[in-house]
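Grab a pencil and open the model beside you. Below are a few short exercises, each followed by a worked solution.

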Amino acid sequence: MKLAWPVTKRKRINDYIESHKNSVFEFSLLLVGNASAAEEISTSAFLQVCQQRGDHRTLHQSHLPLYVKVVHLAEGYMKHGKQAEPYLKDGHADTKDIPLFKERELLYEALMDLPMRDRVILVLKHTCSLSTEDVQEVLNAAYEQI
């Protein structure tokens with residue numbers, strides 16, 4: 001009977017990571033603009049959330065703590081003088097469709113020019129599809145500030 005607990009715990013954690021890894025990576029990437037940094041941030045966020053949520057059975061109840069961790073880690077990354085890099089030029093966009101590529105590149109550059117807080121709000125609302133109330137919770141901010 002003792003063997004069932006670690007296997008169940010690992011499976012729930014793996015399922016949690018699997019169901020959120022793409023959106024967390026994309027969110028991280030849009031905040032910092034560097035694929036390797038986004039991967040580190042995503043990994044650290046998952047690790048910290050899984051360690052802090054002592055009961056692995058509650059992991060799937062809310063993904064907001066994960067986004068909170070990503071925001072804090074991305075802010076720390078940017079505060080240390082790291083600059084966003086144009087990941088679209090590194091082959092992450094479909095360059096066969098040049099007008100779409102240029103449009104995405106312009107949008108990306110505009111996003112990177114925004115202050116971190118505004119970038120977080122836009123990405124959470126429009127890329128991660130969070131409600132205004134969820135964004136408030138992630139940023140610990142009043143409705144008027146969103």
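**Exercise 1.** At what angle do H2 and H3 pack, and how far apart are their axes? Work out which word fits that arrangement.

*Solution.*
- Step 1: Keep in mind that you're looking at a predicted model. In it, H2 and H3 pack at about 135°, and their axes lie 9 Å apart.
- Step 2: Now pick the word. Angles over 145 degrees count as roughly antiparallel, and 65 to 115 as roughly perpendicular. The angle here falls in neither range, so H2 is oblique to H3.
- Step 3: For the handedness, H2 and H3 cross in a right-handed way.

**Exercise 2.** Which residues make the contact between H2 and H3, and how do they split by class?

*Solution.*
- Step 1: Start on the H2 side, where you'll find Ala37, Ile41, Ser44, Ala45, Phe46, Gln48, Val49 and Gln52.
- Step 2: H3 brings Pro65, Leu66, Lys69, Val70, Leu73, Ala74 and Tyr77.
- Step 3: Sort them by class, and the contact of H2 with H3 comes out as 11 nonpolar, 3 polar and 1 charged residues.

**Exercise 3.** Now try H3 with H6: what is their angle, and which residues make the contact?

*Solution.*
- Step 1: Find H3 at residues 64-79 and H6 at residues 132-139. They pack at about 50°, with axes 9 Å apart.
- Step 2: That angle makes H3 oblique to H6, and H3 passes H6 in a right-handed crossing.
- Step 3: H3 puts in Leu64, Tyr67, Val68 and Val71, while H6 answers with Asp134, Glu137, Val138 and Leu139.
- Step 4: By class, that contact has 6 nonpolar, no polar and 2 charged residues.

**Exercise 4.** How many aromatic pairs does the structure hold, and what kind of pair do Tyr16 and Phe46 form?

*Solution.*
- Step 1: The count is 2 aromatic pairs.
- Step 2: For Tyr16 and Phe46, the ring centres are 6.1 Å apart and the planes make an angle of 90°.
- Step 3: Planes over 60 degrees apart count as edge-to-face, so that's what this pair is.
- Step 4: Then place the two rings: Tyr16 sits in H1 (residues 4-32) and Phe46 in H2 (residues 35-52), 30 residues apart, so the pair links distant parts of the chain.

**Exercise 5.** Where is the pLDDT below 50?

*Solution.*
- Step 1: Take the overall picture: the protein averages a pLDDT of 80, and 75% of the residues score at least 70.
- Step 2: Residues 1-5 are one stretch below 50, with 2 contacts beyond near neighbours in sequence.
- Step 3: Residues 86-95 are also below 50, and that stretch has 19 such contacts in the model.

Key: Residues numbered from 1 in each chain as written. Predicted model: local features only at pLDDT ≥ 70, side-chain atom pairs only at ≥ 80, totals over all residues. Heavy atoms only, no water. pLDDT = per-residue confidence, 0-100. Contact = heavy atoms within 4.5 Å. Axes fitted to C-alpha atoms, helices over the stretch in contact; angles between N-to-C directions. Helix = DSSP H or I, 4+ residues; strand = E, 2+ residues; numbered from the N terminus. Parallel < 35°, antiparallel > 145°, perpendicular 65-115°, else oblique. Left-handed = near helix turned anticlockwise from the far one by under 90°. Nonpolar A, V, L, I, M, F, W, Y, C, P; charged D, E, K, R; others polar. Phe/Tyr/Trp six-rings, centres within 6.5 Å; stacked < 30°, edge-to-face > 60°.
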